[in-house]
Amino acid sequence: MSNNFNLVAPLYDRLGDLVYGGDLQASQAEYLSELPEEGLVLFIGGGSGQTLRKLIRIKPKLRIYYLDASSRMMEISKKLIPTPEQERIEFKIGTENEIPPHYKFDGVITFYFLDLFREDKKEKIFEKIHQHLKSGGVWLHADFLPAKRLLAIIKEKLMFLFFKIFSHIEANRIHEDQKLFRDRNYSELKRKFYHKKQIYSAVYQKL
Ligand SMILES: C[S@@+](CC[C@H](N)C(=O)[O-])C[C@H]1O[C@@H](n2cnc3c(N)ncnc32)[C@H](O)[C@@H]1O
């Protein structure tokens, strides 16, 4: 099965911290406050729940559709969230295909998720999420940028090799995602770079 993070789930956060020194976590936390106070947000490919835990503290009234393909990631996430808080989170194991057709979101979160897919599939997933976001809705996105310097290029290649072997990810390299937002007329409200511009975090708004 492609994009299967079950094997690496217990190690994923520690590995990320080891390689990116906390910047993966920081980039995800950066703009959580930009989400609406209330309503329903799609958090897709959220992983082990570290950012979900921060989100529920910052936005105590927000409802969250937490969708991840890995049953192991989901298990770890649920353990992090106190039981009373779980009432406003719908945990769902699955892919973009499990977004209920009638759900319309006030916000969307894609952190280190779209980079898993080859360009044609990424485009389809992006379009699907876009259709489920209300006009005026906010889309928080964080991801890698194509490496430019030799050390960064080597790091990118090793990272893909690791996740190809252990998680069978579909993508072979990093693509710049900005065009996906530009093509659909999103307005970029904020953007911040980390780790010598190897990663970034941004806030987009659907017009
Ligand atoms: C690289 S991890 C990122 C996790 C988290 N966002 C973070 O940065 O710490 C990608 C996550 O996406 C999930 N995933 C992969 N394909 C998916 C899909 N089609 N739909 C939903 N989740 C998926 C994986 O199980 C994994 O938890």
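User: Why is Lys197 called exposed?

Analyst: Lys197 has 12 other C-beta atoms within 10 Å. A residue is exposed at 12 or fewer, buried at 20 or more, and partly exposed in between, with C-beta atoms placed from the backbone. Lys197 therefore counts as exposed. This is a predicted model, in which local features need pLDDT of at least 70, side-chain atom pairs count only at pLDDT 80 or more, and totals for chains, interfaces and linings use all residues. Residues are numbered from 1 along each chain as its sequence is written.

User: What class does His195 fall into, and why?

Analyst: His195 has 19 C-beta neighbours inside 10 Å. That count falls between the two cut-offs, so His195 is partly exposed.

User: What stands out in the backbone of Lys197?

Analyst: Its phi is positive, about 60°, and Lys197 is not a glycine. Most residues other than glycine have a negative phi. His195 also has a positive phi, near 50°. His195 lies in the loop between S6 and S7, and Lys197 lies in the loop between S6 and S7 too.

User: What makes the protein chain count as compact?

Analyst: The comparison is with the globule rule, 2.2 Å times the number of residues to the power 0.38, and the radius of gyration is taken over C-alpha atoms. The chain has eight helices and seven strands (DSSP runs numbered from the N terminus: helices H or I of at least four residues, strands E of at least two). Its radius of gyration is 16 Å, close to the 17 Å that the rule gives for 207 residues, so the chain is as compact as a globular protein of that length. The C-alpha trace spans about 45 × 40 × 30 Å along its principal axes. Buried residues make up 34% of the 207.

User: Why do S3 and S6 count as edges of the sheet?

Analyst: Two strands pair if DSSP finds at least two bridges between them. The seven strands form an open sheet in the order S3-S2-S1-S4-S5-S7-S6, with mixed pairing. Strand S3 (89-93) and strand S6 (187-194) each have a single partner strand, so one side of each is left without a neighbour in the sheet.

User: How do you know that S1 and S2 pair?

Analyst: They share five bridges, in the parallel sense. The cut-off is two, so they pair. Ile44 has Leu67 in S2 as its bridge partner. S5 (133-144) and S7 (199-205) pair in the antiparallel sense over seven bridges. There, Val138 has Gln205 in S7 as its bridge partner.

User: What makes S1 mostly covered?

Analyst: Strand S1 (residues 40-44) has five residues, and four of them are buried.

User: Which residues are in contact with Arg53, neighbours within four places in sequence left aside?

Analyst: Leu80 and Ile81. Contact requires C-beta atoms, placed from the backbone, within 7 Å. Arg53 lies in helix H3 (residues 50-58). With 14 C-beta neighbours inside 10 Å, Arg53 is partly exposed.

User: How many residues surround the ligand, and which are closest?

Analyst: There are 18, and the closest are Gly45, Gly47, Ser70, Thr95 and Tyr112. The cut-off is a C-beta atom, placed from the backbone, within 6 Å of the molecule. The shell divides into ten nonpolar, six polar and two charged residues. Nonpolar here covers Ala, Val, Leu, Ile, Met, Phe, Trp, Tyr, Cys and Pro; charged covers Asp, Glu, Lys and Arg; the others, Gly among them, are polar.

Notes
Contact = placed C-beta atoms within 7 Å.
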